[in-house]
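Me: I should like to learn how to read the features of a structural model. Could you take me through them in order?

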Amino acid sequence: METKQNLVEKSSRRCSVKHTPICKFLGSDGCEKCSLYKGDVKETEKKKTGEIWEVTQSNLPWDVDNFHESETCLFCKKRPGNPKAVYGTVELAHPEPPYEKGMIFGLGKPQREEVGSLIPFPVAMCKDCKKRYDLVENLKFYSAFVGFLLGVLIVLLISKWEVIQYSPEYIPLVIVLFFMAVVYAIGGKVAEKLIKKYSDEMYFRLFQIPEMAEMEEMGWFVYREEKEKTRMIISKKKPREHFRYFSLDPRQPGDE
Ligand SMILES: [Zn+2]
C-alpha cells in the first residue's frame, strides 16, 4: 500500500513532465486529478504525450480559450448571445501530429491516420440553446420508445384474432419492430423540421459558428460529425475545473 509520503513524493519529484504544457493542461486541477498521474503512466509515455500536446497546442489559435470562457452563448445566432448557462463539449480532431498505424510485423505500408490530435472542446451555451438542442436530441430516443409501446398495444389488441393465433410465433415481434421503425423514422423527420425551424435562432453545428472560422482554417474538424447537428455532451462543468488550453500559470518547466 502506498503511504501519503510516497504519493507526495511520486507526484512532486518523480513526474518528468511537471510544469510543462501537458502538466498545465491535464494536471490543471492538481496531480491527484491528473490522468497521467492517476493512470500510472510510464515516464517515457508521459514525455511522448507531452511532445504530442506541444504539436496540438501549436495548432490552436492563441485566443482558443475564449470559446469556453465567454460569458455569452456562442450557439445563439445573435451577437452578443444570451448569458452562458452550460457548456456544449465537442470532440475536435486535427491531423497533426502524424500518427501511423497499419504495420504488422514490419510488413505493409504504414498508413497515415486521419486523426493525430483529439481534444475535448467546451463551448459556452445558454439555457435556451440547451433546451432546443435537448429537444431535438431526445426526440429520436422518445420516438423509438413510443413506437415500442404502440407496437405492443397493437399486438395485444389483435392477439385474439384468428389470423394471429395461427401465424408463426415471431409475428408479434415483427409487428413491434415495425412500429418502432416507423415511429423512429417519423421522429427523425420531426427533428429535422425542428432544426430548420430553430435555425433562425441558433447554430446546430459547431463549425457554423462564425468565430470557428480560424479553427477550421487551421485544420480542425469535428470527430464523427453528423449531418444535421454536431454531437455534443452538455454539462454544467468543463472537463476540468481549471481547464485551459493555454495555462495562465507563469511557472516555467523545471520550477519547484
Ligand atoms: Zn444560445
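Reply: The turns below treat confidence, backbone geometry, helix packing, the nonpolar core and contacts distant in sequence.

Me: What kind of model is this, and how are its residues numbered?

Reply: This is a predicted model, in which local features need pLDDT of at least 70, side-chain atom pairs count only at pLDDT 80 or more, and totals for chains, interfaces and linings use all residues. Residues are numbered from 1 along each chain as its sequence is written.

Me: What is the mean pLDDT of the protein chain, and which elements have the lowest and the highest values?

Reply: pLDDT is the predictor's confidence in each residue, from 0 to 100. The mean for the protein chain is 87, and 87% of its residues reach 70 or more. Among its elements, helix α1 (residues 4-14) has the lowest mean pLDDT, 51, while helix α5 (residues 66-69) has the highest, 98. Helices (H or I, at least four residues) and strands (E, at least two) are DSSP runs, numbered from the N terminus.

Me: Which peptide bonds are cis, and where do their prolines lie?

Reply: Most residues other than glycine have a negative phi, and most peptide bonds are trans. Here the bond from R79 to P80 is cis, with omega near -5°, and P80 is found in the loop between α5 and β1 (86-94). The bond from E96 to P97 is also cis, with omega near -10°; P97 lies in the loop between β1 and β2 (100-101).

Me: What is the phi of H19 and of R224, and are these residues buried or exposed?

Reply: A residue is buried if 20 or more other C-beta atoms, placed from the backbone, lie within 10 Å of its own, exposed if 12 or fewer, and partly exposed in between. H19, in the loop between α1 and α2 (21-26), has a positive phi of about 70° although it is not a glycine. H19 is partly exposed because 17 other C-beta atoms lie within 10 Å. R224, in the loop between β5 (221-222) and β6 (233-235), has a positive phi near 55°. R224 counts as exposed because it has 9 C-beta neighbours inside 10 Å.

Me: How do α6 and α8 pack?

Reply: Two packed helices are described by the angle between their axes and the distance between the axes. Axes are lines fitted to C-alpha atoms, for helices over the stretch in contact, and angles run from 0 to 180 degrees between N-to-C directions. α6 and helix α8 (residues 171-198) pack at about 155°, with their axes 7 Å apart. The two helices are therefore roughly antiparallel (angles over 145 degrees).

Me: Which residues have the most contacts inside the largest nonpolar core?

Reply: In soluble globular proteins, nonpolar side chains tend to be buried together. A nonpolar core is a set of buried Ala, Val, Leu, Ile, Met, Phe, Trp, Tyr and Cys residues joined through C-beta atoms within 7 Å. The largest one has 27 residues, and those with the most contacts inside it are C73, L74, F75, V123, A124, M125 and C129. β1, β4 (117-125) and α6 each supply at least two residues of this core, and β4 gives the most, with five.

Me: How many residues apart in sequence are D134 and I234, and F243 and F25?

Reply: D134, in helix α6 (residues 127-158), is 100 residues from I234 in sequence, with 8.8 Å between their C-alpha atoms. F243 and F25 are 218 residues apart in sequence and 6.8 Å apart in space, C-alpha to C-alpha.

Key:
Angles under 35 degrees count as roughly parallel, over 145 as roughly antiparallel, 65 to 115 as roughly perpendicular and the rest as oblique.
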